[in-house]
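Reader: I'd like a close look at one part of this model, the sheet and the helices around it. Could you walk me through how that part is put together?

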Amino acid sequence: MKKIGVLIVEDSEVVQQLLHHIIGGDPRLEILAVASSAEEALEVLQRVTPDVISLDIRLPGMNGFEATRRIMREKPTPIVVCSASVESEDLKITMNALRVGALAVVEKPVGTTRVEYERLARTLCTQLAIMSEVKVVRQRTFADSTPASTRTVEPNTRSNSGAVGPLRILGIGASTGGPNAVVRVLSDLGQRFPLPVLLVQHMMPSFLAGFASWLDSVTPCRAVIARNGEVPVPGTVYLAPPEYHLQIEAERIRLTQDPPVSAQRPSATLMFRSMARAVGVSGLGILLTGMGDDGADGLLELRRAGGYTIAEHESTAVVYGMPKAAFDRGAVCECLPLTDIAPRILGLVSASEGIG
């Protein structure tokens, strides 16, 4: 079986050796080259074609964010960001790298106990193997994106059964490629979006709080980690905390540590399922890019309860896994390109206000 070719971009010689030992020891992976800077990595990419890149965030010269942007523009390749820190500056670079095309972020397996080291090493290798299969394209900025009204892509649609009720809550589920998609949707919803937003984004637990802070800073919405028992308010995004399912019950947020669903905790399926039970026809569910099928079953329950459901179209989804699973189950009222989703949400909310 052909091995997965990896390019390591890391400036520390010590960490280079560590990553060489970890990645080189995985039977699925093969190290094609090691670069000590982003500039060197770009030179290497002119003669080597890796299946996936392990990219450090803090590099001499060009940082990981700029490196990601250049790579995705010049030679699109799946990128896994490997970060040693969740401190503010590193975190900002990491999140911006995800915004311009990096697929996942993992912690460097350094300075930990042996058990933690082995866990992080397995996670790194698994993420490299999984992300190597993602077909990436040249990354466009938001400004480069064709406006929704002039897009030529025709969305697949499935007519909704029943009318849209007075909408009370929006739920969004996302995984691989999700940070960029979530930012796009929230940015396009604007400052005065009149519904509370529940968000399940699959991400390594240590980066989730920073992701919430980053969302709060780059979108018009207020973004927070959800707390058990609080009443969600309009215009605020409530992120599922690490290892907790996020649900709505009796108009309050409910956090549980029930078993994972579709190998995920938090699970988008449980979030959508709780919306189906708590608000039914007044629920609006959105399923964005991601691997696997989390969210699909819950979205189906929400649709059957009369809620309105949208999945991201395969033409814009980084990974058309979760949206496809929902579409195949008949859980989707509409399948829309990313740029069309927020305008559609705003139209549905406006129409529902007339009902309410």
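Author: Happy to, and one term comes up straight away: a residue is buried if its relative accessible area is under 20%, exposed if over 50%, and partly exposed in between, using a 1.4 Å probe and protein chains only. Bear in mind that this is a predicted model, where local features need pLDDT of at least 70, side-chain atom pairs count only at pLDDT 80 or more, and totals for chains, interfaces and linings use all residues. Residues are numbered from 1 along each chain as its sequence is written, and side-chain values use heavy atoms, with hydrogens and water left out.

Let's start with strand β13 (308–312), where five of five residues are buried. Strands here are DSSP runs of E with at least two residues, helices are runs of H or I with at least four, and both are numbered from the N terminus. In a regular strand the side chains alternate between the two faces of the sheet. In β13, Tyr308, Ile310 and Glu312 point one way, while Thr309 and Ala311 point the other way. Strand β12 (residues 283–287) pairs with β13 in the parallel sense over four bridges; pairing requires that DSSP finds at least two bridges between the strands. Leucine 284 has tyrosine 308 of β13 as its bridge partner.

Now step back to the whole sheet. It is open, with seven strands in the order β8-β9-β7-β6-β12-β13-β14 and parallel pairing. β8 (222–225) and β14 (334–336) are the edge strands, each pairing on one side only. On average, neighbouring strands are turned by 20° against each other, direction ignored.

At the β8 edge, four bridges join β8 to β9 (residues 236–239), and the two run parallel. There, isoleucine 225 stands opposite leucine 239. Helix α7 (residues 205–218) packs on the sheet, touching β7, β8 and β9, with its direction at about 170° to that of β8. Such angles run from 0 to 180 degrees between N-to-C directions, with axes fitted to C-alpha atoms, for helices over the stretch in contact.

Another helix, α6 (residues 178–189), lies across β6, β7, β9 and β13, running at about 155° to β6. Contact here means heavy atoms within 4.5 Å.

Finally, there is a helix pair to look at. Helices α8 (residues 268–278) and α9 (residues 296–304) pack at about 10°, their axes 7 Å apart. That makes α8 roughly parallel to α9, a label for angles under 35 degrees. Among the residues that meet are Phe272 and Met275 from α8, with Leu299 and Leu302 from α9.

Conventions:
Angles under 35 degrees count as roughly parallel, over 145 as roughly antiparallel, 65 to 115 as roughly perpendicular and the rest as oblique.
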